[in-house]
Amino acid sequence: MALDSYHHGVRVVESNDGTLAIKTVSTSVIGVVCTAKDADPAVFPLNTPVLCNSLSKAIGSAGKQGTLRRTLSVIDALVSTTVIVVRVDDGDGDDAIKANLIGGTDANGRRTGMQALLDAESRTGVKPRILAVPELSYPEVATALGAICKKLRAFGYVHARGCNTAQDAIKYRDLLGVRELMVIWPSFDWFDTATAANSVIAPEAFAVGLRAQIDKNIGWHKTLSNVVMSGPLGIEPPVSFDLQDSDNDAGLLNAKQVTTLVRYSGFRFWGSRTCDQNGKFVFENYTRTAQILADTIAEAEAAHVDATLTPALVKDILSGINNKLRSLVRQGYLMGGKAWMAEDNSKEQLADGRLRIAYDYTPVPPLEDLGFTQTITDEYLADFTQQVSAG
C-alpha cells in the first residue's frame, strides 16, 4: 500500500529497499559433450543436457564405449561437482562425428550437439562454465567450442588432437584466436577400469576436473598451472622439461601459448596462457575473472530492473557493486576495482529509463616468471679470524 493514498488510522508498509548483497555466481559447473553408444538412453538421451549431481551414479549408466564413462571417471577422481552432459551419436567416420559434436538445430527446433549446452540453464537450472569435448577436440570442434564459450561466458579446454610433436601442437594452437580457450598437449597414460588396462587418454577431462577442484579449494583467480593432480601415470609422448631452463619442449610450448603436461613431483599442467589475440586476456584467470564479474554483477542487479529510477536507487546500485569489489579484493580475487555513474547519463537518457554504470577492475596476475640473482662473494669471510678467536 502506497503511503501517499488516503487513510484514517495507522498503517505499516514493509520496505525491502537498500543495498543488495551480491553473491558470486557458481563457477565450478562443468559441461562436457561425449559419445557413448551403450549408455542408458533413459539417463543420457541424445542431444539433451543432463544434470549429474552424483558422478558415481552417472558412471553406472554411461556404458563402456565412447568417451562418456572415461570422462566422468576422471572428473569424479578429481572433484565432487555438478556436471552437465550432452551425449551425441558416434557417427560413421570423422566428418560425421565432427558434425554431431558441433551440432545445430533439428527439424523440431531443438538444439543438438554442443549447441545443446546453450539450453542447459533453462532445462536444468544450472549454467555450465567449464567446457570440453574430451578426446575429440578436432580443430573444427575446438573452433565451435570457442563460439559456445563466448555465448555462455564459459571457459573451454581443448587438446591438440592428432599432433605428434610440439611443433604440430603449436600449429594447432595457431588455428584458434579466442580468449575463452586453452590449448593443451600432449596426452596422459591412465588406468582404465573399464578395460582393466593402461591406456592413453587426452587431457581435457583432467583439465575440467582440476579446474573445478581449484575453483572450490582455492578460487577462480588461480590458474590451472602447477597444481598436482591424481590419476595420470605418465605422459605420452614424453615432454622435456627443466624448471630453470626454457630450452626444451615445455618452454617452447608455453612460449607459443600451449599448456603442456610435466612430471615434476607429480603430474601437473604447466602453462596459464589462453588463445587471446589482443593481449589483455592472455591468462586463463584474466578471462574467467571478466566472465565471472560480468555475470555476478548482472544477475545481482537484475532485481533493480523496472525499479523507480531515483538518485537513491543509483546510490544503492553503486554501493552494492563497490561493496562486492572491495570484498573480492580482501579475499584476494582482485587487485582492485570500483564502480561509478558513467558520463553518458543525459537527462534525456534518464527520462527514457536508461541508466549507465561503469566499473573497472584489475585481475590477479599469475607469477609466471620468477627470477633470482645469485652472487658469489667473499664478504662473509671478512671476520673469519675474529670468529675463530671468539670461539
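# A tour of pockets, cores and cysteines

Begin with the largest pocket, which encloses about 940 Å³ of space. To find the middle of this pocket, select Trp270, Leu367, Glu368, Asp369 and Leu370, which are the closest to its centre among the 30 residues that line it. Keep in mind throughout that the model on your screen is a predicted one.

With those residues still shown, colour the chain by domain, taking residues 30-285 as domain 1 and residues 307-390 as domain 2; the lining of the largest pocket draws at least three residues from each of them. Then highlight helix 8, residues 249-255, which gives the most to this lining, with 4 residues. If you colour the lining of the largest pocket by residue class, you should find 12 nonpolar, 12 polar and 6 charged residues.

Next, move to the second largest pocket, whose volume is about 450 Å³. Select Glu301, His304, Val305, Ile317 and Leu355, which lie nearest the centre of this pocket out of the 18 residues lining it. Add helix 9 (284-301), helix 10 (311-331) and strand 14 (357-363) to the view, since each of these elements supplies at least two residues of the lining. Which helix provides the largest share of the lining of the second largest pocket? That share, 4 residues, comes from helix 9. Coloured by class, the lining of the second largest pocket divides into 12 nonpolar, 2 polar and 4 charged residues.

From the open spaces, turn to the enclosed one. How many cavities of 30 Å³ or more does a search of the whole structure find? The search returns 1, and the largest cavity holds about 30 Å³ of space. To outline this cavity, select Asn254, Gln257, Val258, Thr259, Gly271, Ser272, Arg273 and Glu368; by class, this lining comprises 1 nonpolar, 5 polar and 2 charged residues. Glu368 deserves a second look here, as this residue lines the largest cavity and is also among the residues closest to the centre of the largest pocket.

Now hide the pockets and show the nonpolar interior. The largest nonpolar core has 84 residues, and Phe44, Leu72 and Phe269 are those with the most contacts inside it. A second core, separate from the largest one and made up of 17 residues, can be located by selecting Leu293, Ala300, Ile321 and Leu325, which are included in it.

Leu72 leads on to helix 2, residues 68-78, which is mostly covered, with 8 of its 11 residues buried. The buried residues to select are Leu68, Arg69, Thr71, Leu72, Ser73, Val74, Ile75 and Leu78.

For the cysteines, start with Cys34, which is buried at 0% relative accessibility. The closest cysteine sulfur to that of Cys34 is in Cys52, and because the two sulfurs are 9.6 Å apart, they are too far from each other for a bond. Then centre on Cys163, another buried residue, with a relative accessible area of 14%. Why does Cys163 form no bond with the closest cysteine sulfur? That sulfur, in Cys275, is 12 Å from the sulfur of Cys163, which is too far. Across the whole structure, the search finds 0 disulfides.

Finish at Asp90, in the loop between strand 3 (83-88) and helix 3 (94-102). Is Asp90 buried or exposed? Asp90 counts as buried, because its relative accessible area of 19% falls under the 20% cut-off. As a last selection, add Ile292, which is 202 residues from Asp90 along the chain, and check the separation of 34 Å between the two C-alpha atoms.

Key:
Residues numbered from 1 in each chain as written. Predicted model: local features only at pLDDT ≥ 70, side-chain atom pairs only at ≥ 80, totals over all residues. Heavy atoms only, no water. 1 Å grid on protein atoms, 1.4 Å probe; cavity = no way out; pocket = protein on both sides within 12 Å on 5 of 7 lines; lining within 4 Å. Points joined across faces, edges and corners; volume = space filled by probe spheres on them. Nonpolar A, V, L, I, M, F, W, Y, C, P; charged D, E, K, R; others polar. Disulfide = S-S within 2.5 Å. Buried < 20%, exposed > 50% of the residue type's maximum accessible area, 1.4 Å probe, protein only. Domains from an automatic or database assignment. Core = buried A, V, L, I, M, F, W, Y, C linked by side-chain atoms within 4.5 Å.
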